[in-house]
Amino acid sequence: MENIMLQDARKEQIKIVDFGLSNIYDREDPLKTHCGSPEYAAPELFVVGKKYGPEVDLWSLGVVLYGMMTGRLPFLSPCDEQTSSDEHRRRLMAQINRGLTALQVKNMSTMSNDGRNLINRLLTPVPHKRITIQELCHHPWIACKLRNVSRIGTEVDLDLTDHKAIITEISKMTHLDRNMIEMEIIRRKYGEIGGMYNIKYESVVRNEHSP
């Protein structure tokens, strides 16, 4: 959680830092090194010799999202003088392998159904049953946030029909999925895709408000 930075005063730009233990994933050669903070580690990372891929990052996203929504991490084993490091690790691994229990469900009771569903699908202990990044992009909770996000322009709000028309036009030009375009505009409002949106946005506004 400490490695996710909110870059600007409006907290609209997110930067991920500390890539000391990062690696490049190759589908033909899955990773097998256990590294990173145990509290964010997927269950399969504790299995000696087991290879893994992007599914472990989806688990970590679930831990981050749970922490953002509840103010606490889902899996913790408090340290004290009576507990050895090996026992602390064993207890933490047991929690992670169980996944979400009644305690976490209670902590999520104030969330929306879609929010709880997304965290449940991210924090699924069985890797092949865990939500994929493609499914994540189309999940109702994500789609809802994209629909409700503030538009790029600040002076005039576009009609939803105009907004969709611009997204469709950019999708045809770039051959990118509509949801990916929406997410890219949010991530970098002045990037390449965001710039394309801004140009189209200004054109529509001028036409709608021309005498």
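**Thr70, a nonpolar patch and the salt bridges**

Setting aside neighbours within four places in sequence, Thr70 touches Asn107, Met108 and Met111. This comes from a predicted model. Thr70 belongs to helix H1, which covers residues 55–70. With a relative accessibility of 17%, Thr70 falls on the buried side, because buried means under 20%. The side chain of Thr70 also has backbone oxygens around one of its polar atoms: that of Tyr66 sits 2.8 Å away from a polar atom of this side chain, and that of Arg72 sits 3.1 Å from a polar atom of the Thr70 side chain.

Next comes the surface. Ile4, Leu6, Ile14, Ile16 and Phe19 together make a nonpolar surface patch of about 510 Å². Two strands feed into the nonpolar patch, E1 (4–6) and E2 (14–16), with at least two residues coming from each. Ile14, one of the patch residues, is found in strand E2. Its relative accessibility is 57%, so Ile14 counts as exposed.

As for charged pairs, the structure has five salt bridges. One of them joins the side chains of Glu44 and Arg130, at 2.9 Å from N to O. This pair links distant parts of the chain, with the two positions 86 residues apart: Glu44 is in the loop between E2 and H1, while Arg130 is in the loop between helix H4 (113–122) and helix H5 (133–137). Glu44 and Arg130 are both buried.

Another salt bridge pairs Glu169 with Lys200 through their side chains, with an N to O distance of 2.7 Å. Glu169 is part of helix H7 (residues 160–174) and Lys200 part of helix H9 (residues 192–209), so this bridge ties together parts 31 residues apart in sequence. Both ends are partly exposed: Glu169 has 34% relative accessibility, and Lys200 has a relative accessible area of 26%. Elsewhere, Glu87, Arg90 and Arg91 are joined into one network by salt bridges that share partners.

Within that network, the side chains of Glu87 and Arg90 meet at 2.6 Å, N to O. Both residues lie in helix H2 (residues 85–98), and because they are three residues apart there, about one helical turn separates them. Glu87 is partly exposed at 23% relative accessibility. Arg90 is partly exposed as well, with a relative accessible area of 48%.

Conventions
Residues numbered from 1 in each chain as written. Predicted model: local features only at pLDDT ≥ 70, side-chain atom pairs only at ≥ 80, totals over all residues. Heavy atoms only, no water. Helix = DSSP H or I, 4+ residues; strand = E, 2+ residues; numbered from the N terminus. Buried < 20%, exposed > 50% of the residue type's maximum accessible area, 1.4 Å probe, protein only. Polar contact = N/O pair within 3.5 Å; in protein donor to acceptor, adjacent residues only side chain to side chain. Contact = heavy atoms within 4.5 Å. Patch = residues over 30% accessible without salt bridge, like charges linked within 9 Å, V, L, I, M, F, W, Y side chains within 5 Å. Areas by Shrake-Rupley, 256 points an atom, 1.4 Å probe, with all protein chains shown as cover. Salt bridge = Lys/Arg side-chain N within 4 Å of Asp/Glu carboxyl O.
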